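Visitor: I'm new to this one and would like a close look at a single part. Could you pick a spot and walk me through it slowly?

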Amino acid sequence: MRLFSLIFVPLFLGAGWVQADPIDELVQAEMKRTNTPGISLAVVRDGRVVREQGYGLANVEHGVPVTAATVFQSGSIGKQLTAALVMLLVEEGKLKLDDPISRHLPKSPKAWKNITVRHLLTHTSGVGDPGKKVDLRKDYTDAQMIAIAASMPLRFQPGERWEYSNTGYHLLGYICNRVGGKFYGDQLRERIFGPLGMGARVISERDIVPHRAAGYEVENGELKNQAWVSPTMNTTADGSLYLTAHDLALWDLALYQDAPLNARVKESSWTPVTLKGGATHPYGFGWDLAPLNGHRRIAHNGSWQGFRSVISRFVDDRLSVIVLANSSSAPVEKIGNAVARHYLPALVQQPIPDTEPEATARARDILAHFERGVQPPRLSPRARGVLTPEFMGWVAKDMQGFGKLVGLEPLERKTRGELRLYVYRTRFDNDTVTMRFVINKADEIEGVELLPE
């Protein structure tokens, strides 16, 4: 692809020639394609920030450009900081990973008796999503939010499977409030943000926040301001932070040191969770742990209220890429992966021979169902629980801009026990996506992932 070429195209600008920057070209092209107003990018390599750059506008109405000082909303990359606070409290003996959460949350229902702090950290608790029971424009007390979560039936027994849960991190925040003796955001400021020189803080629309970006959503091709939500909904511990790309660069650098998190804490935080039955899932404590082309990656993304974000840390290669955007449709993962490949070409996965055309045909069929927002056939019970009609609707909406499927390239196939993994590079008219799916011994689909290339 042209984006990863080492050849620079000379441009004539008035008095002379300059070299075009392939990263600038990449970011600007993706911003134009997705109608993204602004992006902040930071790259950390070998212990220092080697690139820190803003693109586009932090505020469209006032024509304010994005700079290195522009403050974005974090989305769910804030979970790693909530998890870090939990671990600091664990290190002090104020909390234990295997404590039942009922020990720290008043009036917990009987259904929660086997849920532990560890289950919340790893998204294996089974806690239900209140969904429409919560009015995003209404303020609630901690007790009210806990009660709403408690009213939901468990989706599965704790530890049986992995299912992403914002509610679980809401509960971790309430536990930190009680165990730490003050609001979790104040604890983060005192224990992590302040000591590291980060300007990060919990969201407040009422406070004066210098360099704050506005968030945007694209509806029917038209840019709209972010929807308003109540202060309660913007202070929960699942990812309600203001921060800059530079803040996250400082956080990344600190994670190579012994403070604020020691080696023991980091090892446990970056170990894939083990489910009942012995299977593992590539998620730790607030971090996604799926590798990229054999390179260890510790990462997370986020999306909330007109903002998207991603941090990808290739820790063995000493390379980290941070992308923050003020649009709900910004392809931050795609940009982050492309930038990482620019610095580390070994991340580019090469195709392998297509020796199983029946698997390729199945991949095409899965994609066709995803484009229509319909469950593909022969799903396992676990997959049916994840690929719900509501979830399939979200997938179809995300795929609307992909265009027509033009090709599939097999990248990997492997067998682990009774499971078969297939990985494909899927090329569409307007995008390229990595598709991963797993088939079980009954020839059922056990799981599907569509990941930015």
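Guide: Here is a walk around one pair of helices and the salt bridges beside them. Keep in mind that this is a predicted model.

Let's start with the two helices themselves. Helix α1 covers residues 22–34, and helix α9 covers residues 332–343. Their axes come within 11 Å and cross at roughly 165 degrees. Angles over 145 degrees count as roughly antiparallel, so α1 is roughly antiparallel to α9. As for handedness, α1 passes α9 in a right-handed crossing.

Now zoom in on where they touch. From α1 come Pro22, Ile23, Leu26, Val27, Glu30 and Arg33, and they meet Lys334, Ile335, Ala338, Val339, His342 and Tyr343 of α9. Sorted by class, this contact has 8 nonpolar residues, 1 polar and 3 charged.

Those charged residues are worth a stop. Lysine 334 and glutamate 30 join their side chains in a salt bridge, at 3.1 Å from N to O. Lysine 334 sits in α9 and glutamate 30 in α1, so this pair ties together parts that are 304 residues apart in sequence. Are these two partners buried or exposed? Lysine 334 is buried, with a relative accessible area of 15%, and glutamate 30 counts as buried too, at 8%.

Move along α1 to arginine 33. Its side chain meets that of aspartate 431 in another salt bridge, 3.5 Å from N to O. Aspartate 431 lies in the loop between β17 (419–428) and β18 (432–439), and arginine 33 is in α1, so here the tie spans 398 residues of sequence. Aspartate 431 counts as buried at 10% relative accessibility, whereas arginine 33 is partly exposed at 36%.

Back on α9, look at glutamate 333. The side chains of glutamate 333 and arginine 308 form a salt bridge of 3.3 Å, N to O. Arginine 308 belongs to strand β14 (residues 307–314) and glutamate 333 to α9, so this bridge links parts 25 residues apart in sequence. Glutamate 333 is buried, with 13% relative accessibility. How do some of these residues join up? Through salt bridges that share partners, Glu30, Arg33, Lys334 and Asp431 form one network.

For a wider view, the structure holds 29 salt bridges, among them the ones we just visited. If you want one picture to keep, take α1 and α9 roughly antiparallel, with Glu30 of α1 and Lys334 of α9 meeting in a salt bridge.

Conventions. Residues are numbered from 1 along each chain as its sequence is written. This is a predicted model: local features need pLDDT of at least 70, side-chain atom pairs count only at pLDDT 80 or more; totals for chains, interfaces and linings use all residues. Side-chain values use heavy atoms; hydrogens and water are left out. A salt bridge is a side-chain nitrogen of Lys or Arg within 4 Å of a carboxyl oxygen of Asp or Glu. Helices (H or I, at least four residues) and strands (E, at least two) are DSSP runs, numbered from the N terminus. Buried means under 20% relative accessible area, exposed over 50%, partly exposed in between (1.4 Å probe, protein chains only). Axes are lines fitted to C-alpha atoms, for helices over the stretch in contact, and angles run from 0 to 180 degrees between N-to-C directions. Angles under 35 degrees count as roughly parallel, over 145 as roughly antiparallel, 65 to 115 as roughly perpendicular and the rest as oblique. A crossing is left-handed if the near helix is turned anticlockwise from the far one by less than a right angle, and right-handed if clockwise. Contact means heavy atoms within 4.5 Å. Ala, Val, Leu, Ile, Met, Phe, Trp, Tyr, Cys and Pro count as nonpolar, Asp, Glu, Lys and Arg as charged, and the others, Gly among them, as polar.
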